[in-house]
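Morning, everyone. Please bring the model up on your screens. I'll go through it chain by chain.

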Amino acid sequence: MDWVFLSELAINGALTGLLYSLFAIGLVLIYKASSVPNLSQGGLTMVGAYVVLALSHDAGLPLWLAIPLAAVIMFGLGFGIERVALRRLAGRPVVMILMLTLGLDIFLRGTTLAIWGGTSRSVDLGVSYEPLFLGDIFVSRIHLVGAGVALALFVAFMLFFRTRTGIKLRAIADDYMASWSVGISVERGVGLSWALASVVAVAAGVIWGEIQGVDQALSLLLLKGLTVAVLGGLDSILGAVIAGIILGVVENVGADLLDPLVGGGSRELIVAAVLILTVMIRPHGLFGRHDIERV
Amino acid sequence: MKELTKALAVFSMVGGAMFGTQALAEPFKIGVCYDLSKAYTFATPQVAQAAQDLAKLVNMKGGIGGEPVEVIVRDHGNEPQRGIECYSKLSREGVFVFDTLSTPVSLAVLPRAREDGRILMQSLVGRGDAVDGTVFDWVYPIGPTYWGQAANDVAYIKQLHDGDLSDVKVGFVYFDYPFGQEPIEILETLSEKEGFELELYPVPLPGSDQAGVWSKVRRDKPDHVIVWMLGGAHVVASKEMQRNRIPMEKYISVNWLNEVDIANIGTDAAKGIKRGTNVVGGQDVALFKEIMTELYDNGQGSGPIEKTQDVFYNTGLAMYSIMFEAARNAVELEGLPITPTSYKAGLESLKGYDANGLMAPITVTAEDHGGGGQTRIEMWDGEAWVPQTEWISEYGDVVWDVVKESSAKYEQ
């Protein structure tokens, strides 16, 4: 057993996992406010990356300006989605809202294809490709940067949920009927959660766009992000971070051990197994709230 | 006044005859059922644009046998059912030559085309064993199969090691689905035959996470890495190689790596990357220059000019040069109108045809529908692709063994 290599796989797996967390935080934000897993988070991530590219490559703005500007635009888009589409479905069965987010994802993919085409484009964040070795262990710099962004966002949201607005969002997440009754604008709260998730999508889109290029395939991150969110507990940001690390390590190390035995393809199997087992054994995830309803 | 009337009458007669003939002439149609919206969009817009441009050029020169040609482009979104719908609809409109440029759609359409006696062109996609014309009588995968390409890559590596591969380690990084898995059998056979060590590195779709794979490659230290992936996955791979300090010269890609990928990797960072190709890249090609002069300089191009600066545009020009040449052969052999049978005869009479200088000469026969399967290895030098080999087609016996074995299974 090559322990150094296994350590390398584990460390890089953890970093990759934190990039999944970066994506999953957006899912959790919306779930906390509306109890709906947003199936269009992949589409939003892709759009976030495209907007950054439109501002930097097409409009010629520097990246340091394009990224915050894209965040503002996406913040508005998130609010707009809630206002135009989601609000009309208030009181409807959750499955209808779920289908709406699925439709939105398809719509976003089609729109980006129509506007920017299917050719992959690159985001250059200026992170060096020079290898970084910690002793004998290789670490990817861009994954390190992405993991840093994920942790920074985690801390930022932890602090945000202690602010007045954040407490209102938590109240909505706890009981939106009670929030309504005490005068909290639930619609605005849900809109804000969509807007914040859209801003997170910019961060995830830029980092993943640097790693894999920007095209419609970015929206496929949904599978990993959703697995992380479910494993962590759909309403827990801390859960999303820890679950990301767990999934990243398990899939990276597990695939290395299993691939030679099964002839490849085990990485996807591991992700699927984690998702299925979580739902079967611990449906509220590692850190999610376990509500008991009186019937 | 009398003279003017006479002149008008003559003009109207001649004009009527001309335009009348034009209106009556039935165009030779090719059904281009492409995935323009899903998985193949990294290549299909360029290929379709090339097909339309070449059709315009052919028509400007009087068509084929006096008949205009028409390229009908439809999107099937890489969905077999929509591909079949496209095939059926265009068949009803009199189309009998189809090009799908999608493996799943090609596989779905193939049995119907065979049954209906219609021509299915499937260069670079679909069943590799369809080069066996004795089984796949109506299918023409002109160009190299993936088996042939992989074999040629090994032949190139052998050249680099002075004909001795006994101490050589070759890595194979591939998409872990049928497209990527296809060359494994031939590589394993050649590994046994030539004595090189073969390491396999599967990459799950869509190829966005390759960190673990390239860490392993760095540790295993293969001398060369043959890569069977598409589009953006090359960009991810090359970045991981840089991060792992693996020399880019080790990278030998399948033909699906283009100038967009190079731009995304970075023209300098991509220095040393190699690819196997079946067409001449770049713009220093007579046909390309003619299209620029006749169409794009006059604002008549079929799409944005940027799409023409891409090896997949040249691939389209090569594919459709072959298809139009086959139509010319059909007219020469059996006259107008072109029928499925005469077109088939036209294809099978292509001898040493180089697709307007875009390919190694191909010869299609009733037995070999691939035309020879020659490729060459090119290397990106920071500005352009530089050929590293002549056009080669090696290990023909090994490749045809696999072809025959596979086509025999199909026939059963």
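Before chain A, one definition: helices here are DSSP runs of H or I, at least four residues long, and strands are runs of E, at least two. Also keep in mind that this is a predicted model.

Chain A, then. An unreviewed UniProt entry places "transmembrane region" features at residues 12-31, 61-81, 93-117, 137-161 and 226-249 of chain A. Take two of those spans. Residues 61-81 of chain A are 90% helix and 0% strand. The end C-alpha atoms of that span sit 26 Å apart. Now residues 226-249 of chain A: 83% helix, 0% strand. Here the end C-alpha atoms are 17 Å apart.

On to chain B. The domain assignment splits chain B into domain 1, 24-144 + 282-347, and domain 2, 146-277 + 376-411. Their centres, taken over C-alpha atoms, are 28 Å apart. How many residues does each domain of chain B put into the contact? Domain 1 of chain B gives 16, and domain 2 of chain B gives 22. On the domain 1 side, that is nine nonpolar, four polar and three charged residues.

Last stop: strand β6 of chain B, residues 169-175. Is β6(B) mostly covered or mostly open? Covered: six of its seven residues are buried. Which strands does β6(B) pair with? One is β7(B), residues 197-203, parallel, over seven bridges. There, B:Y174 has B:P202 as its bridge partner. Another is β8(B), residues 224-228, also parallel, over five bridges. On that side, B:V170 is bridged to B:H224.

Conventions
Residues numbered from 1 in each chain as written. Chains lettered and ligands numbered in written order. Predicted model: local features only at pLDDT ≥ 70, side-chain atom pairs only at ≥ 80, totals over all residues. Buried ≥ 20, exposed ≤ 12 C-beta atoms within 10 Å, placed from the backbone. Pairing = 2+ DSSP bridges. UniProt positions renumbered as here; feature names shortened; annotations may be inferred. Domains from an automatic or database assignment. Contact = placed C-beta atoms within 7 Å. Nonpolar A, V, L, I, M, F, W, Y, C, P; charged D, E, K, R; others polar.
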